[in-house]
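Me: I am a first-year student, and I would like a close look at one part of this protein. Please take the aromatic rings, and then show me what else is in the fold.

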Amino acid sequence: MTSRRSHFHLNSSALSRRSVVKAAAAGAVLAAPPTAAGAASAAEAPAFLHGVASGDPLPDGVLLWTRVTPTAAAIPGSGLGPDVEVGWTVALDKAFTNIVAKGSTTATAASDHTVKADVRGLAPATDHWFRFSAGGTESPAARTRTAPAADAATTGLRFGVVSCANWEGGYFAAYRHLAARGDLDAWLHLGDYIYEYGTGEYGARDKVVRPHAPSHEIVTLADYRARHARYKTDPDLQALHAVAPVVAIWDDHEIANDAWSGGAENHTEDAEGTWAARQSAAKRAYFEWMPVRPAVAGTTYRRLRFGKLVDLSLLDLRSFRSQQAGIGDGQVDNPDRTLTGRAQLDWLKAGLKSSDTIWRLVGNSVMVAPFALGNLTADLFEPLAELLGLPKEGLALNPDQWDGYTDDRRELLAHLRGNAIRNTVFLTGDIHMAWANDVPVNAGTYPLSPSAATEFVVTSVTSDNLDDIVKVPEGTVSALASPLIRAANRHVHWVDTDRHGYGVLDITAARAQMDFYVLSDRTKADATSSWARSYRTRSGTQKVERTYDPV
């Protein structure tokens, strides 16, 4: 039996659903998301219904993205609609009086009428404004920012950090609050930008706050395109994309729950087509709909540099991994199993060693720090096991994280220690909880053994966490579980098991600080945001410490 991180939505009715063949749904041409369809019908074609975005900033350039709807019938995933010429313009001011770059490209049904412009020749560390045009219609104008020059003595950088945004679980107020800041150099999305489930399979405490489109589980290329399109109609997500470039990696739900190189927990071979076909469709739609510049074809692992201050290595921990370890099969330490794949691990190690920046950030979709659960009482262990997809008796680790692939982690941490590589900070999502961790070489003897790195884990934007499983008031579970988790994991400085929100990472030469923010109510479109806690790692220490004010 393969362990699974079911995110506690896989109850008996959901499990029985796995045995139902959904061929008709999988093969159907999709109806448009209601918000997009209504707008397309009312608008003069062409129209820009899904916002504009930028991503992967370089010192001399940035990747621009939009989707044009050339006719009302050309809805996402339909395969319909004529080719349309789309122009793009980049300026130094919002009024577009100082234009520094312009060009055009063609949007076609073959790419779902999405377009990208990889603009170069721009000034480093500079705000730019951009917009698109087609057939006399202009898109909204948006702000982006280039990275500092590679040799620039950058004094500070500020990034928003998010993960795990389930449409049916609530509203994306976290994006709205990050957009309103106006001070971000970029924002990092660490995975689960979309979710693949059908309506009602994974909501907010089992309730659907707002329904998915398409309503069935997404399987085909048309499905994945339509789901990305649904997300891109969200006004808060559009707002964040319109103020700063995103740097994104995928985790499993961009494809299917607990994905690995040869399959996924939430994929039924044959009944839902082949895994190869589904994975290919999901990845194709992702690269069409996301402003991501793949450095290695078909993956999200790549590296960006921000002056002499930051080197950012971004990982793909789904495409190359071995299947998750089973219950009690003794495979978590097997050196023949891998999370990263050999080529990616070698690439990561080489980049960390050769980096000459002050800080080495690693965009990492699943938690790297060890996490032992064994001392939790049954009333706490069982809901936590449900969240992580673990058996409720026995196995006291999460095999979907680095804990399930200990040889890769041992090799990476030994590399950091053996080469005296300092200031490595893992930035992590996935687990729907906020954490501030040291990353020990040997958790069993820590703190007598050294810490090789540090890790900041952000909670979910909307996806359920522990208090949601138990259906108790927010903070109730964390007050009990957090002290027990910390007692069993001395490298963990803080864990909040209950709340939803986002992080703001502020970096100077002296320290990297993560400010954790929480939402008042993810089910409310007008949810407020408040600062919860801050932790930092000071240069040279490889350890986390609490600080009592946000930046």
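Reply: What follows starts with one pair of rings and then moves outward.

Keep in mind that this is a predicted model. The protein chain has twelve helices and 22 strands. Of its 551 residues, 62% count as buried. Take the contacts in the chain with a separation of 6 or more. Residues 24 or more positions apart account for 72% of them.

Now the rings. The structure holds 21 aromatic pairs. One of them joins tyrosine 175 and tryptophan 187, whose ring centres are 5.9 Å apart. Their planes meet at 50 degrees, so this pair is tilted. Planes under 30 degrees apart would count as stacked, and planes over 60 as edge-to-face.

Where do tyrosine 175 and tryptophan 187 lie? Tyrosine 175 is in helix α4, residues 173-181. Tryptophan 187 is in strand β10, residues 186-189. The two parts are twelve residues apart in sequence, so the pair ties them together.

Are these two residues buried or exposed? Tyrosine 175 has 0% relative accessibility, so it counts as buried. Tryptophan 187 also has a relative accessible area of 0%, so it is buried. The cut-off for buried is under 20%.

The pair belongs to a wider group. Trp167, Phe172, Tyr175, Trp187, Tyr193 and Tyr231 form one aromatic cluster. Follow two of these residues.

Begin with tryptophan 167. The charged end of arginine 210 sits over its ring, 3.7 Å from the centre. A similar arrangement involves tryptophan 347. Arginine 303 lies over the face of that ring, at 4.0 Å from the ring centre.

Next, take Tyr231. This residue is one of the buried residues of helix α5. Helix α5 covers residues 221-231, and ten of its eleven residues are buried. Among them are Ala222, Tyr224, Ala226 and Ala229. Charged side chains are on the list too, including Asp223, Arg225, Arg227 and Arg230.

Now look for empty space. Rolling a probe the size of a water molecule over the atoms shows where such space is left. Two cavities of 30 Å³ or more are counted. The largest cavity has a volume of about 70 Å³. Its lining has 13 residues, and Ala434, Thr459, Phe516, Tyr517 and Val518 lie nearest its centre. By class, that lining has eight nonpolar, three polar and two charged residues. Strands β18 (492-496), β19 (501-508) and β20 (511-519) each supply at least two residues of the lining.

The second largest pocket is an open space, with a volume of about 210 Å³. It is lined by 13 residues, and Arg205, Asp468, Asp521, Arg522 and Thr523 lie nearest its centre. How does this lining divide by class? It has three nonpolar, three polar and seven charged residues.

Finish with serine 534. This residue lies in strand β21, residues 529-538. Its relative accessible area is 1%, so serine 534 is buried. Leave aside its neighbours within four places in sequence. Serine 534 is then in contact with Gln513, Met514 and Asp515. It also touches Arg546, Thr547, Asp549 and Pro550. Serine 534 and valine 551 are 17 residues apart in sequence. In space they are 8.8 Å apart, C-alpha to C-alpha.

Conventions: Residues numbered from 1 in each chain as written. Predicted model: local features only at pLDDT ≥ 70, side-chain atom pairs only at ≥ 80, totals over all residues. Heavy atoms only, no water. 1 Å grid on protein atoms, 1.4 Å probe; cavity = no way out; pocket = protein on both sides within 12 Å on 5 of 7 lines; lining within 4 Å. Points joined across faces, edges and corners; volume = space filled by probe spheres on them. Nonpolar A, V, L, I, M, F, W, Y, C, P; charged D, E, K, R; others polar. Phe/Tyr/Trp six-rings, centres within 6.5 Å; stacked < 30°, edge-to-face > 60°. Helix = DSSP H or I, 4+ residues; strand = E, 2+ residues; numbered from the N terminus. Buried < 20%, exposed > 50% of the residue type's maximum accessible area, 1.4 Å probe, protein only. Lys NZ or Arg CZ within 6 Å of the ring centre and 35° of its normal. Contact = heavy atoms within 4.5 Å.
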